[in-house]
Structure formats: C-alpha cells, structure tokens
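Dear colleague,

I am handing over the structure below, together with some notes on what I found when going through it. Please read the notes with the coordinates open beside you.

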Amino acid sequence: MLNGISDFITDIFASETFLSDASRYITFATRFILPLLAVLILWRCTRSLLAGKHEREVWGYLSLPNGAKIELTNWENIIGRAASSDVVMEYPTISRSHAALIRNAQGEWTLFDIGSKLGVIHNGKDVKSPVRVRTGDIIELGGVELVFVKASAGQEREQAMGRSRPGREIRPGTTLVLLTEFILFLGLQLCTSAGDNLDISVPIVFAALIIMIWVCYMITRALDRVGFEIETIAFLLTAIGFGVCASSDPDALFKEFFCLIAGLLGFWILGTFLRDLDRAIKMRWPIAAAGLLLLAVNLVTAESIFGARNWLSIGSISFQPSEFVKVCFVFAGAATLDRLFARRNLVLFVAFAAVCVGCLAMMSDFGTAAVFFAAYLVIAFMRSGSFATVLLSAAGAAFAVFIVITARPYIADRFSTWGHAWDFPNDGGYQQTRTMASAASGGLFGLGAGKGWLKNIFAADTDMVFGFVCEELGLIMGIVTICGIVALALFAVKSAGSARSSFYAIASCAAVSILLFQVILNVFGSLDILPFTGVTFPFVSKGGSSLITCWCLLGFLKAADTRQNASFAIRLPKQRQRPTRRDEISREEAEED
C-alpha cells in the first residue's frame, strides 16, 4: 500500500502537466515568499518575547532602623558591602559578603552566616548554623539591626497576576498559520525539485511536522499556557533543518522526525521536572555523574567517525553521547543553590567542567570542547560574579590550546589554513571555499530548495549548513536562522533579570550560550572567519543527537519565562481564590509587624 501511495505522489509531481503549471509558481514562492514568511514569523515571535518592561517580583523586605525598606527580589540573596551583593549595605562594620537569605519553593526563608568578621545575630542569638527566619524576626549584621518581613501569599499572587501576559498583541495562532504556510511552500518546492526521484518521506514528514506543531500548541493552550514563541522559533529552525535533510539525504528524514519527537518529550519532561526547584537541586550530583558516565563509556567503547572518537553504535543506531552531556553540564552548573555562596561548590563545578572538556579533548572533539568551555565561562561568571575567575580560566584554556596545537599536527594545520582558505582551495580550505562559493551563488533569495550543488560536498548538511541554506534558500533565510538563535539569547538575558531563582537564570543563559556559540563556530568556521571546527548549527544541521539536545536545552529557557501563564515549568495562579489558612497566618504576621 505504501509503495502504491509513493508511486501515485511521484507520478503527480513528476508529470509534465503538473511541472509546467505549478513548478514556476512554487519556485517563485520558495525564492521570494519563503524568506518573507520566515522574517515575518521571526519578527512576530521576537517582538512578543522582548515586549514589555523589566518586571520584578518582591518576595520579602528588610526594614532598616530609619524605617526604610529593602526589597528582596530574588530567592537567593547575598547581603554585604560588595557591589556584587544582591543586597548592598554600605556600612563599615558589615563584611563584603556578610550573610545570605535564601527562600525555598515552599516560601520558607533560611539565614546563613557566610564567614563575616563580626558575625550574624538572629533574635539575640549568634548564628552558627543555618536558621529559619519568619516575619518579625530581628537580624543583626555588624551592629546593624534589620527586621525581616516576608511577602504574604496574597501579595505574591497579586504580583504574579500583574505580570505581562503574552499573546494579547501578537497572537500565537496567527504566527502558527504563517509557519504552516512556510512549511507547505518549502515541502512543495522540495517535491517538485525531486521530480522522478521524489522520496515518499518528504511529503509525509512535512505533513506530520505541521500536525505535530498544532498538536503541541493545542496541548499548551489546554494547560492554560499562552506563551508559544520559544517553540515557534525552534519549529521554524527545525523546518529549515528538515528542508536541508530532504535535499541532501531524504532517506534520513524519518529518523530526523523521530528524533524531533524524542526532543519534544525531553523538552516537556525537563520543563515539568523543573517545576519543583528543591527536587531539581537534589538531583544535581546524580545528573552530573550520569554525564561523566556517558563520557567514560564514550572513551572506552566509542568509534572514530570523521576524525573524532565520539560516536556510540547500538545496533543500527549511532549517536553522540557528548551532545546529551550538554544538558547534564548545564543542570549541574546551575543547581548549587543550597550553598550558593560556598566556594566548595564552585571548585567542584570547575573540576567537573575540566573533566568534561578533558574527555572531549581526548576524543579529538575540540569543537564541542570549545562549546563546553564557553558555557563554563558563563556559569562561572554568573555564579561568582568575578571577572578574575573568568580571566584565569581563559588563560588556562589558551595554554591548553597551545599544548594541543603542539601535540596534534592536524589541529595545527587547521589553524595554519585559517584566514587563507583560498590559498589552499583543494587542500585545507576545500570545504570553506566551496561553502563561500555556494553561498554567494544563492544571492538574497536562493536557487530554490533542492536545487543546490553544495549538498554533494562532504558534511555540507552538518558542518557547512549555513552555506547550504544560503545557496538553496538565500542569504535572507541564512540570516533568519542566525537571528532566531540570537532572539532566544536576548530573551534569556531579559528573563535573567526577573528570574525567581538564580538556578533558572544561570541555566537559561548557559543553555543559550551553548546554542549561540555553536552558531558562531559553525557560521564563522565555514566562512573562514574562525578555524573550521565541524560544530553543528542548532536545529538546522542534520543529526538526531544534536536535534534532541537542542530541544532539551530549550527546557531551561522555558523554565526561566516568568510571564503570566507563559511557562509550564512555573506554577502560576489562574484566578483569585479563597485565602487558605496559610495565607491568613502570613497576613496576621504582617499585621503584627
């Protein structure tokens, strides 16, 4: 039956009548309408993501002797004289990092002394170990008395309901209609370009992609979640990636589609798991251990493919464990909240990062090692707030690169070719020169999906995919793919300022830093602006492991979205409810104060 359907569809698209009437129109649509649709989709999503003011939530207060109130806008607050503290108190008797006030997901606050010179006093008693604080408690720091007041449940609910709500001005349903048209035009162009060689997987997978997008959207709306911009950008890039796969290797389309399903499941599971922050923090070391185990198995059993020993094969399935370790790396780096101020946690993370990067170097996967190191710098800076830590790490990395270049001659050859690809067009610069030539031949609107020649070059649909997209779909479409990742990065930076917990802020910024750095290495490497590393372009490059990991990393970004009813990872009130006994107790405590 499947063969009969395949022959029927092939006959339709290969017939001279169909081609004469439709091919001209579909080619026009691909070359001119597709880039315009992509720009419009990205503009709508970006505007919706970045619209609105910077919104903060106040979780408690510290009252000074003069009656002034200091707002606690984070769940983890370092109190001290240093400018990097969350609560800056410029008193000479207060240490640079004096104390910490930390809130858990249940609304309970804990006070820590973090090595202050004059100590911390809670209700007249020295704080030697973490102590629970409640509304009305007196905290003395270096002789300065503060009265702690936590926000009531009613105040927290009012704040949540007062936050901006996505989808009011930029309707996500309208954007999805545009995305559906984009996928239809792209699929039709690929079918007509294939002619007699049309693979049945192309129309089936593109139709299934449209159905999956709308099913995900309806599930999101059924859960009363109205933010769908992050997923829409990811689906746009994934659709372009499916177009790349359909043009270069249509036999792999079904595999890519099943990997998309796995990635979506990972996205939803991770987002749901992050709803319980305490549980997530407790799982940081098991998840870190799982990442190290994957790398260890990789080192022992993996086979070398394309120069890097980072592929594991189970039956007919091959995958890259290092891709999945990215999720473990981000999770372990961000989840250190129970002792955010403890140097021991930062030291342990530095050791974990060093082991990960070292294992990747031993596998000769230096591109992925560079991506991990970039994520490490982001996490280290956001956790420590110290430029010295970042500079010291960068200096160590520079020394390691020098050692690698000395020990590995083929790496030195890549650096010698860097910036001189046209001097070695048939040797070290073979891939870069072909990428630049094909990208230039596509112009602004491309030659048409499936009509390029770069796909005949080795690794064109993975390592050189930017040139692939520019050749077939045009420079405008190539820029859209870059801007899609940039839009996600800008949203992560914006969300970090209003994130409830530093875990969400650090994890989202680290996740998008991985995606953004991969884009930089892929695009600039293939255009000979940076050394060619063979790193994939997120969502667009062909590769199941990469696609699954990219969707999982989006789970961290989704969890940091604190807009009203935007993220399934955050529990938000739907409407005003009758006060519970806990609310009444909180209100009574506030009134007594």
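At 0% relative accessibility, C356 counts as buried, and C191, with a relative accessibility of 3%, is buried as well. Please keep in mind throughout that this is a predicted model, and that the structure holds zero disulfides.

Charged pairs

Side chains of opposite charge can pair when their charged atoms come close. The count in this model comes to seven salt bridges, and I describe some of them here.

The salt bridge between E323 and K326 has its closest N and O atoms 3.0 Å apart. The two residues are separated by about one helical turn, because they stand three residues apart in helix 10, which covers residues 321-334. With a relative accessibility of 5%, E323 falls in the buried class, and K326, at 2%, is also counted as buried.

K326 deserves a closer look, since the description of its surroundings goes beyond this salt bridge. Its side chain makes a polar contact with the side chain of Q518, at 2.5 Å. Leaving aside residues up to four places away in sequence, K326 touches T368, F372, I514, Q518, T549 and L553, so when you inspect helix 10, where K326 has its place, it may help to display those residues together with the 2% accessibility of K326.

A second salt bridge joins D461 to K542, with 3.5 Å between the closest N and O atoms. Here the partners come from separate loops: D461 lies between helix 15 (430-442) and helix 16 (465-473), while K542 lies between helix 18 (502-526) and helix 19 (544-559), so the pair ties together parts that are 81 residues apart in sequence. D461 is buried, at 11% relative accessibility, whereas K542, at 22%, counts as partly exposed; the boundary that puts these two residues in separate classes is 20% relative accessible area, under which a residue is called buried.

The third salt bridge I would point out links R563 with D561, the closest N and O atoms lying 2.8 Å apart. Both R563 and D561 are buried. Through salt bridges that share partners, E229, D561 and R563 are joined into one network.

The sheet

An open sheet of five strands runs in the order 4-3-5-6-9, and its pairing is mixed. Strand 4 (87-88) and strand 9 (131-133) are the edge strands, each of them pairing on one side only. Within the sheet, strand 3 (residues 76-80) pairs with strand 5 (residues 99-103) in the antiparallel sense, over four bridges. To find the register in the viewer, you could begin at I79, which stands opposite A99 in strand 5.

Backbone geometry

Which residues have a positive phi of about 65 degrees although they are not glycines? One of them is D224, found in the loop between helix 5 (201-222) and helix 6 (229-248), where its relative accessibility of 27% makes it partly exposed. Another is D528, again with a positive phi of about 65 degrees; D528 is placed in the loop between helix 18 and helix 19 and, at 11% relative accessibility, counts as buried.

With best regards

Definitions and conventions:
Residues numbered from 1 in each chain as written. Predicted model: local features only at pLDDT ≥ 70, side-chain atom pairs only at ≥ 80, totals over all residues. Heavy atoms only, no water. Disulfide = S-S within 2.5 Å. Buried < 20%, exposed > 50% of the residue type's maximum accessible area, 1.4 Å probe, protein only. Salt bridge = Lys/Arg side-chain N within 4 Å of Asp/Glu carboxyl O. Pairing = 2+ DSSP bridges. Polar contact = N/O pair within 3.5 Å; in protein donor to acceptor, adjacent residues only side chain to side chain. Contact = heavy atoms within 4.5 Å.
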